[in-house]
Amino acid sequence: MIRYSFMLFFILFARAAFRDKQGFCERNECNEDEASKQNQFDFSVKHNAEIPLTLTHTLSDCLPLDEVDGNFIRTVKSCVFSECQPTPLKKPLTLAALSLDALWNILDLNQSVIQNQEFIHCVSGGKLFAGSVPLAHRYGGHQFGYWAGQLGDGRAHLLGEYTNRKGERWELQLKGSGKTPYSRSGDGRAVIRSSVREFLCSEAMYFLGIPTSRALSLVVSEEPVWRDQFYNGNIVKERGAVVLRLAKSWFRIGSLEILTKAGELNVLRTLLDFVIKEHFRSIATNDPQRYVAFFFRVVNETAHLIAQWMAVGFAHGVCNTDNFSLLSITLDYGPFGFMESYDPNFVPNSSDDEGRYSIGSQANVGLFNLQKLLEALQPLLTQDQILESQQILREYPQIYQQRFLELFKAKLGLLENEDEDSYLVAFFLKLMEDTGADFTMTFRQLSEVTASDLQIDSVAQSMWALSVLSTHEYFTDWVRLYLQRLSRHHNDSDETRQHRMQRINPRYVLRNWMAESAIRKAEENDFSEVALLQQILMNPFTEQDEAERAGYSSKTPMWAQQLRVSCSS
Ligand code: AMP
Ligand code: MG
């Protein structure tokens with residue numbers, strides 16, 4: 001296992017510069033469509049026609065299915081899926097949230113479809129879309145560093161696929177829709193709080209431009225669901241909810257791992273060839289090097305994904321191999337968090353005592369997961385191909401660091417390349433770390449401040465995050481370097497720099513307190529704040545009056561400062 005410390009890459013780099021002030025000073029010299037409309041819609045049931053959405057079932061046609069029938073918990077062998085029906089939720093049901101963007105741009109459905117009384121049942125597991133063959137996927141995974149054996153869709157049902165007018169093939173999946181053969185000791189359900197978080201964050205990540213699964217709808221029910229939220233013996237009755245999720249593919253590293261661990265190499269080859277044919281179109285299906293080419297792509301794209309997470313301060317929370325997509329999209333939103341005060345040791349999951357999945361560890365954990373992917377592919381590779389793949393993995397740190405640097409340079413508005421760029425980025429992150437400045441708003445306010453205001457001794461108090469940063473003794477030194485660097489841009493003005501930076505440094509991210517406030521209301525059947533957040537986070541780079549009034553770009557309110565996120569969901 002190759003080990004690199006990415007977490008410390010930039011920080012150590014910056015610290016070196018701070019070792020003695022003398023050395024440091026020397027360096028110094030030198031759609032007009034449906035989706036864009038507001039998410040306001042009419043929930044009342046009007047009539048009862050069919051839902052105009054017919055699904056295909058390529059997955060169940062092409063991949064081996066469980067030969068054992070029946071929805072009971074068991075160890076499953078020699079297949080990729082078990083056929084399995086969702087269990088309807090206890091009524092009454094409420095369509096609590098809907099993504100009009102996903103409805104129209106992914107499923108080609110007009111907003112009027114929600115007036116059909118079948119709709120709410122179809123998106124919550126009470127009825128099936130035409131053509132649907134519901135499946136639960138068999139996968140395994142390494143959890144917190146250890147092989148956990150069979151996991152699988154214990155509370156999710158893959159309904160089928162839809163190919164839209166743009167020719168994109170999407171897989172529809174329900175989460176929280178009842179027990180499957182993979183439910184182990186679970187009840188097959190998901191509660192309102194975790195479902196609101198998944199719904200809001202997957203949509204928010206999409207609008208931040210980060211590869212992710214999507215969410216179409218959130219349905220809440222009267223189904224009693226018992227949870228010990230903080231594992232302290234306090235079991236509380238909550239309510240069941242279902243999210244209809246969408247992804248081009250739900251396969252994970254663990255989808256392949258379980259087949260290798262079980263010695264089912266024919267199924268492994270069938271699944272891998274299917275994934276390559278469907279999702280890695282540039283790789284020829286008869287190329288003897290196809291598995292190496294596939295591995296190369298996953299290594300590159302995983303590095304890019306994690307760098308993108310870092311660029312918005314996103315910590316996934318549970319980076320197990322069963323939560324890492326083969327298509328390198330963000331999957332399985334659980335106890336994730338957006339870092340507020342800059343801290344490489346930020347851990348969003350209150351159960352992750354050792355901080356294995358801290359924000360600063362994500363690149364390293366990505367490497368661990370890719371190593372596990374390589375182990376899963378190994379039986380299908382020749383000796384030479386194994387050596388080649390190991391070499392690809394050795395290149396992961398550079399791929400990651402280069403992407404990280406590109407993204408952070410862009411966040412600072414830097415154009416072209418200069419030798420000292422990584423120093424300038426690292427220096428800035430070090431100032432943030434020392435002062436605990438807010439990650440999102442510091443970058444945002446740097447995008448909004450003019451170069452001349454940046455030079456004056458005290459940054460305006462309204463720039464609350466940047467003014468925290470400006471208390472650092474080296475802040476003015478950094479500003480001097482930064483302005484010198486900007487002055488070397490050709491054909492650039494301060495205004496263009498600001499616009500460029502504002503297009504990539506969000507003003508709004510789904511901070512934990514924002515989600516929590518919306519959840520508290522949702523649990524009382526008031527979904528207005530879920531709708532507000534959804535709407536604001538569709539345009540995270542644009543200042544919006546309603547968001548400002550709600551304090552979404554302000555300091556975390558006092559009541560929320562001790563909030564923790566549970567992985568119980
Ligand atoms: P997660 O932490 O949500 O990624 O889930 C890890 C594994 O636990 C997956 O196999 C899930 O399907 C399963 N799981 C989590 N919660 C439940 C539940 N309430 N009922 C059944 N299975 C669950
Ligand atoms: Mg998962």
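In this predicted model, helices α6 and α19 are oblique to each other, because their axes cross at roughly 130 degrees and an angle between 115 and 145 degrees counts as oblique. Helix α6 covers residues 192-208 and helix α19 covers residues 512-522, and their axes come within 10 Å. As for handedness, the crossing of α6 and α19 is right-handed.

Which residues of α6 and α19 meet? On the α6 side they are I192, R193, V196 and R197, and across from them in α19 sit N512, A515, I519 and A522. Sorted by class, this contact holds five nonpolar residues, one polar and two charged.

Two more helix pairs are worth a look. Helix α13 (residues 421-435) packs against helix α14 (residues 439-448) at an angle of about 130 degrees, and their axes are 11 Å apart. That angle makes α13 and α14 oblique to each other, too. Their crossing is right-handed. From α13, the residues F428, L429 and M432 take part in the contact, while α14 brings F439, T442, F443 and L446. Here the classes come out as six nonpolar, one polar and no charged residues.

Then there's helix α11 (residues 383-394) with helix α12 (residues 396-411), whose axes are 4 Å apart at an angle of about 30 degrees. Since angles under 35 degrees count as roughly parallel, α11 is roughly parallel to α12. The meeting residues are I392, L393 and R394 in α11 and Y396, P397 and Q398 in α12. This contact has four nonpolar residues, one polar and one charged.

Here are the three pairs in one place.

| Helix pair | Angle | Axes | Orientation |
|---|---|---|---|
| α6 and α19 | roughly 130 degrees | within 10 Å | oblique |
| α11 and α12 | about 30 degrees | 4 Å apart | roughly parallel |
| α13 and α14 | about 130 degrees | 11 Å apart | oblique |

Now for the empty spaces. How much space lies in the largest pocket? The figure is about 1100 Å³. Its lining is made of 42 residues, and those nearest the centre are Q143, R155, R184, C567 and S569. Helix α6 turns up again here: along with β9 (214-227) and β10 (236-247), α6 is one of the elements that give two or more residues to the lining of this pocket. The largest share, three residues, comes from α6. By class, the lining of the largest pocket splits into 13 nonpolar, 16 polar and 13 charged residues.

There are cavities to consider as well. The second largest cavity has a volume of about 60 Å³. Its lining includes the run S249, W250, F251 and R252. The other lining residues are L59, F81, H137, D153, L158, E171 and Q173. Five of the lining residues are nonpolar, three are polar and three are charged.

Finally, a couple of backbone details around strand β1. Which peptide bond is cis? The bond from K91 to P92 is cis, with omega near 0 degrees. You'll find P92 in the loop between β1 (81-83) and β2 (94-98). On the other side of β1, the loop between α3 (58-62) and β1 holds S78. This residue, S78, has a positive phi of about 50 degrees although it isn't a glycine.

Note on methods:
Residues numbered from 1 in each chain as written. Chains lettered and ligands numbered in written order. Predicted model: local features only at pLDDT ≥ 70, side-chain atom pairs only at ≥ 80, totals over all residues. Heavy atoms only, no water. 1 Å grid on protein atoms, 1.4 Å probe; cavity = no way out; pocket = protein on both sides within 12 Å on 5 of 7 lines; lining within 4 Å. Points joined across faces, edges and corners; volume = space filled by probe spheres on them. Nonpolar A, V, L, I, M, F, W, Y, C, P; charged D, E, K, R; others polar. Axes fitted to C-alpha atoms, helices over the stretch in contact; angles between N-to-C directions. Parallel < 35°, antiparallel > 145°, perpendicular 65-115°, else oblique. Left-handed = near helix turned anticlockwise from the far one by under 90°. Contact = heavy atoms within 4.5 Å.
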